[in-house]
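This briefing goes through helix packing, ring pairing and residue exposure. Please keep the sequence and the structure in view while reading.

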Amino acid sequence: MKILDGQKLANKIETNLKKKIAKNNLRPGLAVILIGKNPSSIIYTKLKEKFAKRINVNFKKISFSYDVTQIKILKLIEQLNKDKAIHGIIVQMPLPKKLNASKIVAKISPFKDIDGFHSKTKFVSPVHQAIIELIKSTNKSVKNKKFVILSKNPIFVRPLVKLFEEKQAQSLYKSLTHNIKQLTKDFKKIDILVSALGIPKIIKPAMLKNNSIIIDVGFTRRQQKIFGDVDTSEKTSNLYLSPVPGGVGPLTIAYLFKNLLISSSKSLQNFKK
């Protein structure tokens with residue numbers, strides 16, 4: 001199994017960002033809104049805060065209890081949209097079910113939506129950039145390759161399908177599904193598999209075609225251990241794998257801050273309003 005090292009790629013981006021911020025005397029500002037005490041959300045926020053400190057980004061964390069009202073969140077986002085010292089706004093997902101995530105994301109300025117969730121966002125989603133970069137690191141062309149994205153979230157799937165199709169890859173399934181048993185019969189046809197199901201070890205390497213590329217975006221924490229969707233206990237030398245942890249995660253954070261740097265620099269003026 002050939003491991004795709006997301007941390008190594010992220011380190012290169014981090015070094016480059018730090019140099020650019022120092023050279024251009026920039027002071028990017030990032031606001032992260034954290035609601036409740038979801039363990040994964042707390043971890044992700046801390047990782048972003050540490051990254052921000054290393055590259056000299058002004059990090060502003062605003063924490064709310066689980067029972068915060070939607071009106072209060074929307075008013076805060078409105079204030080942050082007007083704050084010239086804040087160049088990126090993140091609402092850490094998932095949100096409590098009583099809150100409307102779509103309306104909250106829609107309130108963020110498209111010019112500050114560095115997560116790439118807004119329908120009119122000016123940024124490519126960091127996780128999608130990370131996926132594409134990991135595939136690129138294999139030195140394999142995706143042109144005419146068959147791919148499948150396993151996810152229950154259309155916000156995640158649709159833009160990623162578009163990115164693949166722009167590179168002339170072929171989607172094997174247009175509809176969303178998370179019923180793995182229905183798909184296993186076709187796995188041998190797949191050249192690129194992106195799995196974001198959050199079901200530990202559901203993907204067995206033996207199911208897949210030789211020399212295929214697996215990008216594992218699944219993340220599950222059980223008894224202080226982290227698991228991806230891929231069962232890495234099955235060893236094979238005939239696959240490329242972006243593992244969990246150490247694959248998509250660190251690279252996603254790096255691209256998030258790359259988006260922030262764009263937002264804080266004059267290059268943002270090049271975006272069409």
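Is Tyr44 buried, partly exposed or exposed? In this predicted model, Tyr44 has a relative accessible area of 29% and is therefore partly exposed, since that class lies between the limits of 20% and 50%. The points below begin with the ring partner of Tyr44 and then turn to the helices.

**Aromatic pairing**

- Three aromatic pairs are present in the structure.
- In the pair formed by Tyr44 and Phe219, the ring centres are 5.5 Å apart and the planes meet at 55°, so the pair is tilted; an edge-to-face pair would need an angle over 60 degrees.
- Tyr44 belongs to helix 2 (residues 39-55), whereas Phe219 sits in the loop between strand 8 (212-216) and strand 9 (220-222).
- With the two positions 175 residues apart, this pair links distant parts of the chain.
- Phe219 is also partly exposed, its relative accessible area being 27%.

**Helix 1 and helix 2**

- Helix 2 packs against helix 1 (residues 6-23) at an angle of about 50°, and the two axes are 9 Å apart.
- The two helices, helix 1 and helix 2, are therefore oblique to each other.
- On the helix 1 side the contact involves Glu14, Leu17, Lys18 and Ile21.
- Helix 2 contributes Phe51, Arg54 and Ile55 to the contact.
- An α-helix has 3.6 residues a turn, so residues three or four places apart point the same way.

**Helix 5 and helix 6**

- The axes of helix 5 (residues 126-136) and helix 6 (residues 154-166) cross at roughly 40° and come within 10 Å.
- Helix 5 and helix 6 are therefore oblique to each other, as the angle is not under the 35 degrees that would count as roughly parallel.
- The crossing of helix 5 past helix 6 is right-handed.
- Helix 5 makes the contact through Val127, His128, Ile131, Ile132 and Ile135.
- From helix 6, the contact residues are Ile155, Phe156, Pro159, Leu160, Leu163 and Phe164.

**Helix 8**

- Helix 8 (residues 248-264) has 17 residues, which at 1.5 Å a residue should span 24 Å; the end C-alpha atoms are 24 Å apart, in agreement.
- Of the 17 residues of helix 8, 14 are buried, so this helix is largely enclosed by the rest of the structure.
- Gly249 lies in helix 8 and counts as partly exposed because its relative accessibility is 43%.
- Gly249 and Arg221 are 28 residues apart along the chain, and 14 Å separates their C-alpha atoms.

Notes
Residues numbered from 1 in each chain as written. Predicted model: local features only at pLDDT ≥ 70, side-chain atom pairs only at ≥ 80, totals over all residues. Heavy atoms only, no water. Helix = DSSP H or I, 4+ residues; strand = E, 2+ residues; numbered from the N terminus. Expected span 1.5 Å × (residues − 1). Buried < 20%, exposed > 50% of the residue type's maximum accessible area, 1.4 Å probe, protein only. Phe/Tyr/Trp six-rings, centres within 6.5 Å; stacked < 30°, edge-to-face > 60°. Axes fitted to C-alpha atoms, helices over the stretch in contact; angles between N-to-C directions. Parallel < 35°, antiparallel > 145°, perpendicular 65-115°, else oblique. Left-handed = near helix turned anticlockwise from the far one by under 90°. Contact = heavy atoms within 4.5 Å.
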